[in-house]
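Work through the following exercises with the sequence and the model open. Each task is followed by a solution in steps.

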Amino acid sequence: MNPPEASRQALIPARVLQLAQDTFDIEAAAVLGLKRRVGPSFVEAVQAMLAVRGRVVVTGMGKSGHVGRKIAATLASTGTPAMFVHPAEASHGDLGMIKPVDLVLAISNGGESDEISAILPVLKRQGVPLVAMTGNPQSTLARHADILLDSGVEKEACPLNLAPTASTTAQLALGDALAVALLDARGFKSEDFARSHPGGALGRQLLTHVDDVMRTGEQVPRVGPEASFSDLMREMSAKGLGASAIADAGGRVLGIFTDGDLRRLVEKGSDLRSLRAADVMHPRPHTVRAGMLAVEAAEAMERYRITSVLVVDEGGCLIGALNSNDLMRAKVI
């Protein structure tokens with residue numbers, strides 16, 4: 001229930017700002033406190049999680065549970081198989097999700113959560129390794145743990161020192177530290193991260209190749225070197241790429257002609273009707289391969305200040321074309 005109107009204090013801007021600043025100071029101090037206390041037990045926890053044949057099962061009640069869900073998600077997305085199991089649900093059947101090949105990371109600031117305490121004997125009987133993250137090294141959870149991670153804080157940011165604030169920040173930071181240490185130990189690369197984030201910007205950049213987005217077949221503008229200038233312009237207009245490849249009968253790329261080249265010819269006052277494709281093309285144009293990452297093709301286009309690029313095979317034969325609009329539609333750039 002909301003407090004009665006009469007009991008509410010008047011909003012004082014200076015106090016609001018001071019509380020915000022105090023919160024930042026207290027939570028920053030809580031994280032720095034972890035830095036001073038982290039030691040051999042942290043290394044043991046990383047080694048145990050690295051060696052586990054199953055999954056890291058994260059559990060926690062209340063606010064610690066919310067933090068636990070985030071830690072499990074971070075571990076899973078950085079190469080450590082992980083899931084979250086709610087401790088109350090574990091006592092009503094979900095404990096069957098935890099196998100002897102797994103490892104449990106239990107999170108509780110006070111270490112006396114009834115829901116977690118209820119499942120500890122079962123975990124012990126199954127031989128499941130238990131890593132405890134708690135702010136109370138003398139707690140029930142700490143005593144049952146195989147490895148103890150001290151997440152204790154001097155005080156909460158809450159003015160009443162009741163609501164979990166600094167303690168959950170410390171838990172979150174400690175979980176991130178575990179994930180970072182594990183991904184480094186596994187040799188986890190950005191490509192691996194992309195595979196678990198295919199819908200994100202990084203995933204698109206690291207999983208999208210040139211042949212996924214390039215134009216092929218009749219979509220690719222191309223003429224022979226003897227084509228008239230009129231035929232060259234018709235081909236460019238019909239395909240809408242802003243450029244056309246000039247290729248020999250075998251498909252080998254000889255050059256390229258672009259909208260920019262056309263403007264420069266017009267500015268020079270050239271007699272366009274008498275020109276052939278071979279007369280106006282840029283020989284030995286910049287090209288890319290189909291197997292390249294699309295983001296690499298985008299970087300090459302930016303480096304050479306071009307908006308269209310031809311795609312060739314190992315023999316230099318034309319197999320596709322790409323421009324900046326194609327890359328933007330694919331959300332690569």
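**Exercise 1.** Is Ile246 buried or exposed?

Solution. The model is a predicted one. Start with the location: Ile246 belongs to strand E7, which covers residues 243-247. The relative accessible area of Ile246 is 0%. The limit for a buried residue is under 20%. Ile246 is therefore buried.

Next, list the surroundings, leaving out residues up to four places away in sequence. Ile246 then touches Val223, Gly224 and Pro225, the run Arg252, Val253, Leu254, Gly255, Ile256 and Phe257, and also Ala277 and Met281. As a distance check, take Ala294, which is 48 residues from Ile246 along the chain; the two C-alpha atoms are separated by 23 Å.

**Exercise 2.** Determine which elements build the largest nonpolar core, and place Leu178 in it.

Solution. Step one is the size: the largest nonpolar core has 26 residues. Val56, Val58, Leu75, Leu105 and Leu178 are the residues with the most contacts inside this core.

Step two is the origin of these residues. Two or more residues each come from the helices H2 (40-51), H3 (63-77) and H7 (166-185), and from the strands E1 (56-60), E2 (82-84), E3 (103-107), E4 (130-134) and E5 (147-150). H7 gives the largest share, five residues.

Step three is to look for a separate core. Another one, of 17 residues, lies apart from the largest; Met83, Leu130, Ala132 and Leu141 are among its members.

Step four is Leu178. With neighbours within four places in sequence set aside, Leu178 is in contact with Phe42, Ala45, Val46, Met49, Leu105, Met133 and Leu149.

**Exercise 3.** Describe how H7 packs against H2 and against H3.

Solution. Take H2 and H7 to begin with. Their axes come within 10 Å and cross at roughly 55°. H2 and H7 are therefore oblique to each other. The crossing in which H2 passes H7 is right-handed. On the H2 side the contact is made by Phe42, Ala45, Val46, Met49 and Leu50, and on the H7 side by Leu174, Ala177, Leu178, Ala181, Leu182 and Ala185. Sorted by class, the contact has 11 nonpolar residues, no polar ones and no charged ones. The spacing of such residues can be read against helix geometry: an α-helix has 3.6 residues a turn, so residues three or four places apart point the same way.

Now take H3 and H7. Their axes are 10 Å apart and the packing angle is about 15°. Angles under 35 degrees count as roughly parallel. H3 and H7 are therefore roughly parallel to each other. This crossing is right-handed. From H3 come Lys63, Ser64, Val67, Lys70, Ile71, Thr74 and Leu75; they meet Thr168, Gln171, Leu172, Gly175, Asp176, Ala179 and Leu182 in H7. By class, the contact of H3 with H7 divides into six nonpolar, five polar and three charged residues.

**Exercise 4.** Find the buried residues of helix H12 and say what they pack against.

Solution. H12 runs over residues 259-268, and its buried residues are Gly260, Asp261, Leu262 and Leu265. Their packing partners are helix H11 (229-239), strand E8 (253-258), helix H13 (277-280) and strand E9 (282-283). Just after H12, Gly269 has a positive phi of about 75°.

**Exercise 5.** Examine two residues other than glycine that have a positive phi, and state how accessible each is.

Solution. The background is that most residues other than glycine have a negative phi. Asn161, with phi near 55°, has a positive value. Asn161 is placed in the loop between E5 and H7. Its relative accessible area is 43%, so Asn161 is partly exposed.

Arg305 also has a positive phi, near 60°. The loop that holds Arg305 runs between helix H14 (294-304) and strand E11 (308-312). At a relative accessible area of 78%, Arg305 is exposed.

**Exercise 6.** Characterise the setting of Ala90.

Solution. Ala90 is in helix H4, residues 87-90. With 2% relative accessibility, Ala90 counts as buried. Beyond residues up to four places away in sequence, Ala90 touches Val85, Leu95 and Ile119. Val332 is 242 residues from Ala90 along the chain, and their C-alpha atoms are separated by 43 Å.

Note on methods: Residues are numbered from 1 along each chain as its sequence is written. This is a predicted model: local features need pLDDT of at least 70, side-chain atom pairs count only at pLDDT 80 or more; totals for chains, interfaces and linings use all residues. Side-chain values use heavy atoms; hydrogens and water are left out. A nonpolar core is a set of buried Ala, Val, Leu, Ile, Met, Phe, Trp, Tyr and Cys residues joined through side-chain atoms within 4.5 Å. Buried means under 20% relative accessible area, exposed over 50%, partly exposed in between (1.4 Å probe, protein chains only). Helices (H or I, at least four residues) and strands (E, at least two) are DSSP runs, numbered from the N terminus. Contact means heavy atoms within 4.5 Å. Axes are lines fitted to C-alpha atoms, for helices over the stretch in contact, and angles run from 0 to 180 degrees between N-to-C directions. Angles under 35 degrees count as roughly parallel, over 145 as roughly antiparallel, 65 to 115 as roughly perpendicular and the rest as oblique. A crossing is left-handed if the near helix is turned anticlockwise from the far one by less than a right angle, and right-handed if clockwise. Ala, Val, Leu, Ile, Met, Phe, Trp, Tyr, Cys and Pro count as nonpolar, Asp, Glu, Lys and Arg as charged, and the others, Gly among them, as polar.
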